[in-house]
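Colleague: I have a few things to ask about this structure before I go back to the bench. Can we go through it together?

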Amino acid sequence: PQGIGSPSVYHAVIVIFLEFFAWGLLTAPTLVVLHETFPKHTFLMNGLIQGVKGLLSFLSAPLIGALSDVWGRKSFLLLTVFFTCAPIPLMKISPWWYFAVISVSGVFAVTFSVVFAYVADITQEHERSMAYGLVSATFAASLVTSPAIGAYLGRAYGDSLVVVLATAIALLDICFILVAVPESLPEKMRPASWGAPISWEQADPFASLKKVGQDSIVLLICITVFLSYLPEAGQYSSFFLYLRQIMGFSSESVAAFIAVLGILSIIAQTVVLSLLMRSIGNKNTILLGLGFQILQLAWYGFGSEPWMMWAAGAVAAMSSITFPAVSALVSRTADADQQGVVQGMITGIRGLCNGLGPALYGFIFYIFHVELNELPMPESSSGGSVVAQYHLQQNSIIPGPPFLFGACSVLLALLVALFIPEHTNLNVRSSNWKKHCGSHGHPHSPQAPGEAKEPLLQDTNV
């Protein structure tokens, strides 16, 4: 078989690290190009670009997953990495084409989905969660280091060098997949020809969402996830631009903010999360995480000084425990043959939020006239006070309206989560679930009759 050695988690880890390291280098240059290209409605256009990309990813991810079940993982790893990184060299060639290709690249921006499927092929069920955790930690580690490196190189040698370096790393990732990554899907599980049938129900992006209302407990969990992740997705798409344009952070300050937040989040999701789960229980951990998220968003919304952003960022790291705790709750309350279906609902809702959240945040910034129609601020770390004062003259009460909207949304999520029972047994509904997950079986899977195969994108507890 093509590749170096047998398939392993480390192959997947290197693919993820190189891709997101390349994009992390472009954090500071992207914010500058975004403001220069759309000086009038920066936040609105940013929200639309990220929103289109997120919605396209939501619609295409299950189809790409189903196709990779038939044709193998390696070819789709190559396809997703190539198209996800294709916009990088366009940043200096044509900014308009750069943002246009970013939007369209959402169709293939599902590397995580294929990587998780790759990992699922080569790991046993009991070690899968740890392997997924390693992949997610690698993603976080790449973003801890790369924005700071990109900001330093951009300051010292110019943004053109940063774009060239990011392009080179993306090409290295593509070459690594071509040369070193072996196929993980066994030949016997793949059809002999490319005309084999595809599980189209599995490829339906709305299939998992249609089952949400069929169990009251799962409905409560899914509503909680939607109301809490919608503002998180919007915040992720626009917050660093907000720091740069409104709060007056320099490129180095934004990179340092990302690094500190990433390190604190890794600690929160490993050490703190395990301590809380053992001491106060699963449900209370979710409620605590939602409480931290409300505090963080309210602080971002009313904060008018850089130190407030740093303090709220520390709270944001603690709020990152919510989703792992929700996944753990679902994992503990559902039977083994129900895990894929229930986790898939949560994955589908998060994918939908990745499209709706950025567009919603961009629209709220737009209707509240939170824009900066002047030249970008000085690069000195102390130059931000001028920009902050300029903005506060426009809107002295609420600097960040979308963050307050997000706080209200998470407050509703907290109220819904109060009704989720701590200990639930879904065995009484297992026959109901089997009816719905039985159709997800793959025609080439060596499985016992009646045993449902977990759908590709619904296989993770991360």
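Colleague: Start with W71: buried, partly exposed or exposed?
Modeller: W71 is partly exposed, because its relative accessible area is 21% and the cut-off for buried is under 20%. Bear in mind throughout that this is a predicted model.

Colleague: Where does W71 sit?
Modeller: In helix α3, which covers residues 42–71. The C-alpha atom of W71 is 8.7 Å from that of L185, although the two are 114 residues apart in sequence.

Colleague: Predicted, fine. What does the pLDDT average over the protein chain?
Modeller: The average is 75, and 75% of the residues score at least 70.

Colleague: Which helices have the highest and lowest confidence?
Modeller: Helix α9, residues 159–179, is highest with a mean of 92. Helix α20, residues 430–437, is lowest with a mean of 41.

Colleague: Which stretch around there stays below 50?
Modeller: Residues 426–462 have a pLDDT below 50, and the model gives that stretch 94 contacts beyond near neighbours in sequence. Residues 373–396 also stay under 50, with 37 contacts beyond four places in sequence.

Colleague: What should I do with coordinates like that?
Modeller: Where pLDDT is low, the predicted coordinates should not be read in detail.

Colleague: Change of topic. How many helices and strands are there?
Modeller: The protein chain has 20 helices and 0 strands.

Colleague: And how much of the chain is buried?
Modeller: Of the 462 residues, 56% are buried. The accessible surface is about 19300 Å², and carbon and sulfur atoms account for 69% of that surface.

Colleague: What share of the contacts is long-range in sequence?
Modeller: Taking contacts with a separation of 6 or more, 85% are between residues 24 or more positions apart.

Colleague: What about the largest nonpolar core, how many residues does it have?
Modeller: It has 108 residues. Those with the most contacts inside it are I221, F239, Y242, L243, F257 and M309. Helix α12, residues 216–245, gives the largest share, 14 residues.

Colleague: Where does this core lie relative to the domains?
Modeller: Between domain 1 (1–185) and domain 2 (211–371 + 400–422), because both give residues to this core.

Colleague: Take I221 from that list. What does I221 touch?
Modeller: Not counting residues up to four places away in sequence, I221 touches V326, L329, V330, I346 and I420. I221 lies in helix α12 and is buried, with a relative accessible area of 5%. Its C-alpha atom is 8.2 Å from that of V416, which is 195 residues away in sequence.

Colleague: M309 was on the core list too. Which residues of α15 are buried?
Modeller: M308, M309, A312, G313, V315, A316, A317, M318 and S319 are buried in α15.

Colleague: How does the span of α15 compare with what its 14 residues should give?
Modeller: The two agree: at 1.5 Å a residue, helix α15 (residues 306–319) should span 20 Å, and its end C-alpha atoms are 20 Å apart.

Colleague: Now some polar residues. Is T285 buried or exposed?
Modeller: T285 is buried, with a relative accessible area of 0%. T285 is in helix α14, residues 282–302. Leaving aside neighbours within four places in sequence, T285 is in contact with L273, L276, M277, I280, I321 and A325.

Colleague: And S327, buried or exposed?
Modeller: S327 is buried, again with a relative accessible area of 0%. S327 belongs to helix α16, residues 322–333. The C-alpha atoms of S327 and N282 are 10.0 Å apart, with their positions 45 residues apart along the chain.

Colleague: What about S103, which residues does S103 contact?
Modeller: Outside its neighbours within four places in sequence, S103 is in contact with I49, V52, K53 and L56. S103 is in helix α6, residues 95–104, and counts as buried at 13% relative accessibility.

Colleague: Last one: where is S94?
Modeller: In the loop between α5 (90–93) and α6. S94 counts as buried because its relative accessibility is 19% and the cut-off is under 20%. The C-alpha atoms of S94 and T37 are separated by 10.0 Å, and these residues are 57 apart along the chain.

Methods:
Residues are numbered from 1 along each chain as its sequence is written. This is a predicted model: local features need pLDDT of at least 70, side-chain atom pairs count only at pLDDT 80 or more; totals for chains, interfaces and linings use all residues. Side-chain values use heavy atoms; hydrogens and water are left out. Helices (H or I, at least four residues) and strands (E, at least two) are DSSP runs, numbered from the N terminus. Buried means under 20% relative accessible area, exposed over 50%, partly exposed in between (1.4 Å probe, protein chains only). Contact means heavy atoms within 4.5 Å. Accessible areas come from the Shrake-Rupley method with a 1.4 Å probe; for residues, only the protein chains shown count as cover. The expected span of a helix is 1.5 Å times one less than its number of residues. A nonpolar core is a set of buried Ala, Val, Leu, Ile, Met, Phe, Trp, Tyr and Cys residues joined through side-chain atoms within 4.5 Å. Domain bounds come from an automatic or database domain assignment. pLDDT is the predictor's confidence in each residue, from 0 to 100.
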